[in-house]
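User: I am new to this structure and would like to understand the terms used for it. Could we go through them one by one?

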There are 2 protein chains.
Amino acid sequence: MKKLINAPDAVVREALEGMELAYPDRLRVSYDPAYIVRADAPVAGKVGIISGGGSGHEPMHGGFVGPGMLDGACPGEVFTSPTPDQMMAATKAVDGGSGVVHIVKNYTGDVMNFEMAADLAGEEGIPVEVVVTNDDVAVQDSLYTAGRRGVGITVIAEKICGAAAEERRSVVDVAELGRRVNAEGRSMGMALTACTTPSSGEPSFVLGDDEMEIGIGIHGEPGRYREPLAPASVVVDRLASAVVEDLPYSSGDQVLAMVNGMGGTPLIELFIVYRELHAFLEERGITITRPLVGNYITSLEMAGCSITLLRLDDELTRLWDAPVNTPALRWGA
Amino acid sequence: MKKLINAPDAVVREALEGMELAYPDRLRVSYDPAYIVRADAPVAGKVGIISGGGSGHEPMHGGFVGPGMLDGACPGEVFTSPTPDQMMAATKAVDGGSGVVHIVKNYTGDVMNFEMAADLAGEEGIPVEVVVTNDDVAVQDSLYTAGRRGVGITVIAEKICGAAAEERRSVVDVAELGRRVNAEGRSMGMALTACTTPSSGEPSFVLGDDEMEIGIGIHGEPGRYREPLAPASVVVDRLASAVVEDLPYSSGDQVLAMVNGMGGTPLIELFIVYRELHAFLEERGITITRPLVGNYITSLEMAGCSITLLRLDDELTRLWDAPVNTPALRWGA
């Protein structure tokens with residue numbers, strides 16, 4: 001295992017310390033329990049939004065904390081759900097008196113723990129609405145999930161809900177919007193290589209030199225199938241066909257298209273993937289009106305990519321375009 | 001070789017096409033010769049700034065094209081210098097009547113070709129000033145360089161010169177500023193793994209499972225030495241000691257500190273490196289007043305990192321903070 005770390009069991013804590021040191025004016029970090037909140041949390045009168053999940057998917061979620069996106073994030077250990085006490089503490093820290101939205105990727109541990117935290121918060125008089133994302137069309141159930149996995153749409157839901165919260169919409173409205181984003185969004189990913197968690201020290205799976213895995217999860221969970229390595233155009237056809245046919249997206253649709261790197265894939269390749277995706281959608285009369293290309297929900301150093309589409313309307317477009325000021329996503333601010 | 005590409009000889013062109021499709025409102029791309037300019041180039045009365053070099057170091061340089069940074073970038077093939085005709089065409093495309101600054105990383109091919117382009121531009125009546133960066137303290141000469149290599153400080157020089165050009169400073173002033181940034185900046189990098197160019201299909205070098213290379217170049221050129229894999233704290237001590245002792249940086253200095261990923265290293269590890277760097281500098285009375293953590297000058301999918309310091313004064317800090325609006329670096333806009 002070759003990693004720039006000091007000790008496997010110190011990775012998450014030390015990375016959090018590094019983040020806190022890098023963004024002292026923007027973020028506040030708590031260590032016990034571990035959570036990150038924007039420096040000015042709680043914002044009075046604004047719905048608070050938190051998310052969380054296992055670490056190893058950076059910049060998700062801590063990199064999305066800031067005005068216009070998340071108020072707080074709960075990082076678990078690598079590929080491990082955070083605990084209800086983290087979520088409860090973060091919920092309290094971001095509650096500005098208007099309730100809190102939990103954006104939860106559909107993994108069994110995350111969903112269960114966020115449910116417990118929402119119950120605890122409710123007992124303390126903080127109204128919590130939960131948005132569960134489950135946009136991954138690859139598999140119905142998987143190693144860590146009943147139902148579809150929550151992946152790339154989570155980034156987009158965090159941005160759009162964050163913009164709505166800045167407009168002082170109600171906790172019910174913000175959550176409804178998050179559910180609508182999830183309903184209009186679909187994703188699928190693939191891997192060229194596995195990744196290695198610091199605690200295991202071993203690759204999560206083994207792929208042959210001439211193989212790729214289509215439909216992989218962000219923890220290296222098995223996907224739909226393996227097949228021989230193919231050109232980017234074929235990879236995009238595999239992913240985008242599954243995504244487009246699922247909703248389905250149709251001719252005339254305008255979409256936000258995210259090409260996301262799994263961590264170990266250079267940007268130069270992601271732009272080639274974007275080129276292929278653009279052509280694929282154009283052929284079907286689907287227009288990308290908002291693109292996002294880069295590493296947003298990763299799987300440590302895994303090589304590979306995922307594709308996420310969100311069908312846009314005027315409201316979603318406007319909220320996507322609204323100012324955002326986080327370490328990993330920033331514009332208009 | 002596992003890459004998301006269609007054909008090795010189409011990588012750069014197709015990635016450029018992807019970039020153009022992803023940023024239609026922000027960038028204009030020419031293909032023959034290949035260059036990228038900001039959509040509103042040339043800006044009348046403003047000094048134009050271009051840079052360029054081999055591809056494979058994304059987001060450098062194309063990702064830094066936009067208001068407040070570069071006016072244009074010339075991408076060569078992967079790890080290969082762009083040609084004088086690319087540089088000449090880009091120079092003409094960004095010349096708003098006030099001259100053009102070429103920011104050139106010190107590699108023999110880049111320097112020679114930019115020199116030819118500057119001569120050609122001069123013959124056509126465009127005054128060109130050249131800033132050569134050579135901030136890498138690792139080695140005096142190397143595989144592709146007479147003298148020190150130009151690395152991370154290039155990103156920072158592009159940002160600071162870009163801000164000065166927006167203030168309508170003269171071509172001589174902007175170039176002087178770039179030289180001052182280079183003079184006050186130092187860098188060093190290391191690798192945990194090699195990378196593979198699309199055209200060769202083979203790793204650029206071989207490192208043992210328990211080895212790391214200290215002082216590596218961004219093309220996988222040999223560094224200072226190899227040693228057994230060590231904790232992040234030791235890695236940072238190696239890099240930061242060499243950097244700090246070289247200028248030297250002293251107690252009382254305020255610095256911009258960039259922790260840059262080589263491409264294949266997850267952000268979670270870069271934040272651990274930043275934590276170690278912060279502690280290292282704090283012990284020596286050096287204060288980081290501006291941090292930058294992420295992938296800014298990469299080496300395809302190489303795992304590793306580099307550290308760059310720039311000694312700041314009020315003027316450099318102000319220009320660093322000025323608005324910038326590029327695909328890869330954006331704030332205040």
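**One helix, two strands and two copies**

Analyst: In this predicted model, the buried residues of H5(B) are Val171(B), Val174(B), Ala175(B), Leu177(B), Gly178(B), Val181(B) and Asn182(B), where buried stands for under 20% relative accessible area.

User: What makes these buried residues line one face of the helix?

Analyst: Looking down the axis of H5(B), one finds its buried residues within an arc of 155°, and therefore they line one face of the helix. An α-helix has 3.6 residues a turn, so residues three or four places apart point the same way.

User: How do you know what span is expected of H5(B)?

Analyst: The expected span is 1.5 Å times one less than the number of residues; helix H5 of chain B, residues 171-183, has 13 residues and reaches 18 Å from its first C-alpha to its last, which is close to the 18 Å expected.

User: In which sense do S5(B) and S6(B) pair, and why is the crossover between them called right-handed?

Analyst: Strands S5 (residues 100-105) and S6 (residues 128-133) of chain B pair in the parallel sense over six bridges, with Lys105(B) opposite Thr133(B). From S5(B) the chain passes through helix H3 (residues 108-123) of chain B to S6(B), a β-α-β crossover that is right-handed, because the path runs clockwise with the strands pointing away from the viewer.

User: What makes the relation between chains A and B that of a two-fold axis?

Analyst: A turn of 180° with a shift of 0.0 Å along the axis lays chain A on chain B with an RMSD of 0.0 Å, and that is the relation of a two-fold axis. In chain A, Gly264(A) has the C-alpha nearest the axis, 2.2 Å from it.

How values were computed. Residues numbered from 1 in each chain as written. Chains lettered and ligands numbered in written order. Predicted model: local features only at pLDDT ≥ 70, side-chain atom pairs only at ≥ 80, totals over all residues. Heavy atoms only, no water. Helix = DSSP H or I, 4+ residues; strand = E, 2+ residues; numbered from the N terminus. Buried < 20%, exposed > 50% of the residue type's maximum accessible area, 1.4 Å probe, protein only. Arc of directions from axis to C-beta. Least-squares fit on C-alpha atoms with pLDDT ≥ 70 in both. Pairing = 2+ DSSP bridges.
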